[in-house]
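Me: Please choose one part of this model and follow it closely, starting from a single residue and working outwards to whatever packs around it. I would like a connected account that keeps to what the coordinates support.

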Amino acid sequence: MNKEEILKKSREENIYGDERDKTIRVRRDAFSVWGMIILGIIIMIVKLCRTQSPADIISLMFCTSATASLYEALKTRKKLHIIFTVILYVLALYYFFRFCAGLF
């Protein structure tokens with residue numbers, strides 16, 4: 001391979017950034033999810049103290065977890081991940097319908 005072929009291959013492999021950039025994006029996403037979970041727990045506690053149903057927050061948290069699990073299930077094709085994803089989506093829908101039922 002000559003210099004130009006090596007550079008072209010390197011550009012194609014690093015189209016979405018180098019390994020450092022990829023690691024930062026992965027950690028950023030995980031960090032932001034934890035921020036949402038912590039804020040969700042705080043909002044749930046406030047709602048419970050005010051005798052309000054936290055079903056909306058619970059459904060958001062289950063949906064976020066289910067979506068992350070779906071990505072993992074699609075990439076690994078493991079039955080356990082697929083089952084876990086389905087369970088999380090069912091729980092998200094259950095709490096979403098509980099939230100909707102409380103509106104009417």
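Reply: K47 is a useful place to begin; it is found in helix α2, and all that follows refers to a predicted model. With a relative accessibility of 14%, K47 counts as buried, because the cut-off for that class is under 20%. Once its neighbours within four places in sequence are set aside, K47 is in contact with Q52, S53, P54, D56 and I57. Of these partners, D56 and I57 appear among the buried residues of helix α3, and the contacts of K47 therefore include a link from α2 to buried positions of α3.

The helix that carries K47 runs over residues 19-49. Its 31 residues should span 45 Å at 1.5 Å a residue, and the C-alpha atoms at its two ends are 45 Å apart, which agrees with that expectation. The buried residues of α2 are I37, G40, M44 and K47. An α-helix has 3.6 residues a turn, so residues three or four places apart point the same way. The partner against which the buried residues of α2 pack is α3. Just after the helix, T51 takes a positive phi of about 55 degrees. C49, by contrast with K47, counts as exposed at 65% relative accessibility, the threshold for that label being over 50%. As for cysteines elsewhere, C100 is in no disulfide, and the nearest cysteine sulfur to its own, that of C63, is 13 Å away; a search of the whole structure finds zero disulfides.

Turning to the partner helix, α3 covers residues 55-76, a run of 22 residues that reaches 31 Å from its first C-alpha to its last, close to the 32 Å expected at 1.5 Å a residue. Its buried residues are A55, D56, I57, I58, S59, M61, A66, S69 and A73, and what covers them includes α2 and α4. After α3 there is again a positive phi, this one of about 60 degrees at R77.

The side of the arrangement that involves α4 can be followed from S69, a residue in helix α3 that counts as buried at 6% relative accessibility. Leaving aside neighbours within four places in sequence, S69 is in contact with H81, F84, T85 and L88. For L88, the separation is 19 residues in sequence but 8.4 Å in space, C-alpha to C-alpha. Seen from the other partner, T85 sits in helix α4, residues 79-103, and is buried, with a relative accessible area of 5%. Apart from residues up to four places away in sequence, T85 touches A66, S69, L70 and A73, and of these A66, S69 and A73 are listed among the buried residues of α3.

A further link between α3 and α4 is aromatic. The structure holds three aromatic pairs, one of which is the stacked pair of F62 and Y95, with 5.9 Å from centre to centre and 20 degrees between the planes. Since F62 lies in helix α3 and Y95 in helix α4, this pair ties together parts that are 33 residues apart in sequence. Y95 is buried, with a relative accessible area of 19%, whereas F62 counts as partly exposed at 24%. The rings of Y94 and Y95 have centres 5.0 Å apart and planes at 80 degrees, so that pair is edge-to-face. Y94 counts as partly exposed, with a relative accessibility of 45%. Taken together, F62, Y94 and Y95 form one aromatic cluster.

Returning to α2 and α3, these helices also contribute to open space in the model. The largest pocket has a volume of about 280 Å³ and is lined by V26, D29, A30, V33, T64, A68 and Y71. The elements that give two or more residues to this lining are α2 and α3, and the largest share, four residues, comes from α2. The helix in which K47 is found thus takes part in two features: its buried residues pack against α3, and it supplies the largest share of the lining of the largest pocket.

Conventions: Residues are numbered from 1 along each chain as its sequence is written. This is a predicted model: local features need pLDDT of at least 70, side-chain atom pairs count only at pLDDT 80 or more; totals for chains, interfaces and linings use all residues. Side-chain values use heavy atoms; hydrogens and water are left out. A disulfide is a pair of cysteine sulfur atoms within 2.5 Å. Buried means under 20% relative accessible area, exposed over 50%, partly exposed in between (1.4 Å probe, protein chains only). Contact means heavy atoms within 4.5 Å. The expected span of a helix is 1.5 Å times one less than its number of residues. Rings of Phe, Tyr and Trp (its six-membered ring) pair if their centres lie within 6.5 Å; planes under 30 degrees apart count as stacked, over 60 as edge-to-face and the rest as tilted. On a 1 Å grid over the protein atoms alone, a cavity is a set of points where a 1.4 Å probe fits but cannot get out, and a pocket is an open set with protein on both sides within 12 Å along at least five of seven lines; lining residues have an atom within 4 Å of a point. Grid points are joined across faces, edges and corners, and a volume is the space filled by probe spheres set on the points.
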